[in-house]
Amino acid sequence: MKKLFYSMISVIALLVVILLIRTLIFTSTQEAATSKVMVDVDAEKIAKHLSEAIKFRTVSAELNSQEVLIESELVETKLEDINLDESAHIQFEGFIQWLSATYPEVHSRILLQRLGKYSLLFKWEGSNLNLEPILLSAHYDVVPVIAGSENLWTHPPYSGVVDKSYIWGRGALDDKSAVIALMEATSLLLAEGFQPDRTVYLSLTHDEEIGGITGTKAIVENLSRDDVHLAWTLDEGSFLFDGFFPGVVPAVANINLAEKGTMTIELVAHGRGGHSSMPPKETAVGILAEALVKLQAEPIPGTLDGLSGEMFDAISRHMPFNQRLLFANRWLFGDLIDASLSSKPFTNAMLRTTTAPTMLSASIKENVLAIEAIGTINFRLHPRDSIKGVMKYVKSVLDDERIDVNLIGGSNASRVSSAKALGYKAIVHAAQSTYGNIIVAPGITIAATDSRRYEAIAENSYRFNPMSITVKDIPRFHGTNERMSIENMVNATRFYSLLIRNGSHE
Ligand SMILES: [Zn+2]
């Protein structure tokens with residue numbers, strides 16, 4: 001008995017020693033921090049430019065509906081009622097004119113093509129045409145401000161108010177700040193007489209928020225027609241995360257190498273219809289509800305691996321001892337970590353394909369039984385899953401002949417770009433030279449971006465905006481009180497100038 005007790009104690013002691021040793025050697029893998037490089041910029045001027053850019057109501061959703069309206073004869077009479085100064089068309093044209101007046105050197109010295117109506121493609125020709133070009137992208141369209149929410153804003157959404165620290169308004173975070181920082185950086189480099197070795201494309205798109213259906217599509221088609229193959233592209237998708245991970249002091253530059261896919265299905269349950277006073281035991285609505293509950297109760301399996309695994313591996317090395325102990329010993333605590341990350345929407349979305357029921361429809365009257373009840377579900381596909389695989393999974397979980405599962409549409413996750421390629425290294429170097437001591441980690445974008453289109457003509461596509469954000473900034477995206485700090489605009493301008501300088505070399 002005693003012997004058994006002692007051997008158990010020694011097994012436990014050995015386990016503890018292994019766990020501790022693994023934790024102690026689980027240290028930072030960051031390369032020695034590059035020292036900060038100072039680039040002289042005019043903070044006040046940059047803030048003023050972003051403020052002016054915000055004042056144009058470049059809402060792509062309105063542009064789209066207006067185009068549809070103009071095409072329909074029915075509206076011709078109504079067109080006279082539209083105040084032309086307010087129309088979306090005027091806003092987009094106005095922005096393009098303002099851009100050319102504000103950055104005359106960029107417009108006179110770099111070739112500009114206007115594509116897909118309002119999207120702009122600048123081509124800054126390199127000195128060595130044997131090198132593959134690079135492309136930096138940002139979008140200047142914005143999402144609408146929800147009607148009735150205007151009074152929740154500290155400053156009106158299109159006022160572009162500049163206070164001591166911030167520039168306020170729709171597009172300040174997403175993504176006019178990147179547009180302005182790119183233009184400022186290009187102006188700086190032109191003023192210095194900088195000449196890139198590789199050709200540098202700057203792509204300012206006007207329809208990202210409605211899927212890049214005209215602008216980004218036309219840019220990619222145009223480059224493709226000219227047989228352009230890009231070494232790498234950089235577009236939005238992530239930020240420098242400050243204070244997102246409890247106990248981790250340095251900010252995390254999360255440079256995303258891929259983005260999730262999306263797919264939508266409809267579940268259709270059938271019923272006999274009839275008067276609601278004599279309902280059968282089973283109704284279409286009841287069958288559909290049961291199916292939705294079943295699917296939500298059994299999320300698509302996921303675990304901390306791939307890009308999300310790499311991201312947490314880099315970050316967790318900077319966590320306090322207790323958490324480091326867990327991540328250093330994922331062989332033992334993997335399930336615990338998965339359960340904890342799955343409990344929060346943000347990290348759950350990094351681990352797996354998510355299941356989101358979004359729309360419902362059934363009978364049109366309260367006393368009529370539905371003949372059909374339809375539930376729409378939107379999935380965001382992790383790279384390990386496919387549309388085909390998710391369809392199979394849904395059918396096997398439901399295992400119900402009373403339900404039709406119809407695929408409405410979708411696209412699989414993007415390719416995973418390389419973290420060893422020159423482009424990635426140039427982005428890391430520019431981020432470290434701008435911000436000094438930061439953690440750099442790869443990752444995956446959980447929403448869709450223009451990058452998906454660029455990857456058709458690029459070796460690698462990266463997703464990162466060089467501004468620092470905190471958890472409190474998250475609801476401002478597409479929400480109220482969008483704002484960007486002046487300090488961020490200064491740093492973003494520095495970042496892009498360093499990136500173009502180093503990333504366009506041979
Ligand atoms: Zn955006």
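This note comments on the predicted model shown above, point by point.

1. Basis of the note. The model is predicted, so that local features need pLDDT of at least 70 and side-chain atom pairs count only at pLDDT 80 or more, whereas totals for chains, interfaces and linings use all residues. Residues are numbered from 1 along each chain as its sequence is written, and side-chain values use heavy atoms, with hydrogens and water left out.

2. Overall form. The protein has 17 helices and 16 strands; helices (H or I, at least four residues) and strands (E, at least two) are DSSP runs, numbered from the N terminus. Its C-alpha atoms fill a box of roughly 80 × 75 × 45 Å along the principal axes. The radius of gyration is 26 Å, which agrees with the value near 23 Å for a compact globule of 506 residues; this radius is taken over C-alpha atoms, and the globule rule is 2.2 Å times the number of residues to the power 0.38.

3. Burial and contacts. Of the 506 residues, 51% count as buried (buried means under 20% relative accessible area, exposed over 50%, partly exposed in between, with a 1.4 Å probe and protein chains only). Among contacts between residues at least 6 apart in sequence, 83% join residues at least 24 apart, a contact being heavy atoms within 4.5 Å.

4. Zinc site. His-139 (NE2), Asp-174 (OD) and Glu-236 (OE, listed twice) supply the protein donors of the zinc ion, at 1.9 to 2.7 Å. Donors are N, O and S atoms within 2.8 Å of the metal (3.2 Å for Na, K and Ca); water is not among the atoms, so sites may look incomplete. Along the chain the donors follow the spacing H-x34-D-x61-E. His-139 belongs to strand β3 (residues 134–139) and Asp-174 to the loop between β4 (166–168) and α7 (176–191), so this pair ties together parts 35 residues apart in sequence. Both His-139 and Asp-174 are buried.

5. Zinc geometry. The arrangement is irregular because the four donor atoms subtend angles of 51 to 153 degrees. Four donors count as tetrahedral if all angles lie between 85 and 135 degrees; four count as square planar and six as octahedral if opposite donors are over 155 degrees apart and all others between 65 and 115; anything else is irregular.

6. A covered strand. In β13 (residues 439–445), seven of the seven residues are buried. This strand runs parallel to β8 (residues 252–259), joined to it by seven bridges, and two strands pair if DSSP finds at least two bridges between them. Glu-259 has Thr-445 of β13 as its bridge partner.

7. Salt bridges. There are 14 salt bridges in the structure, each a side-chain nitrogen of Lys or Arg within 4 Å of a carboxyl oxygen of Asp or Glu. One of them joins Arg-170 and Glu-482 at 2.7 Å, N to O. Arg-170 lies in the loop between β4 and α7, and Glu-482 in the loop between β15 (468–469) and β16 (483–485), so the pair ties together parts 312 residues apart in sequence. Arg-170 is buried at 2% relative accessibility, and Glu-482 is buried at 1%.

8. Partly exposed pairs. Arg-501 and Glu-192 form a salt bridge with closest N and O atoms 2.4 Å apart. Arg-501 is partly exposed at 28%, as is Glu-192 at 48%. In another salt bridge, between Glu-290 and Arg-402, the closest N and O atoms are 3.5 Å apart. Glu-290 and Arg-402 also belong to a salt-bridge network with Glu-282 and Asp-400.
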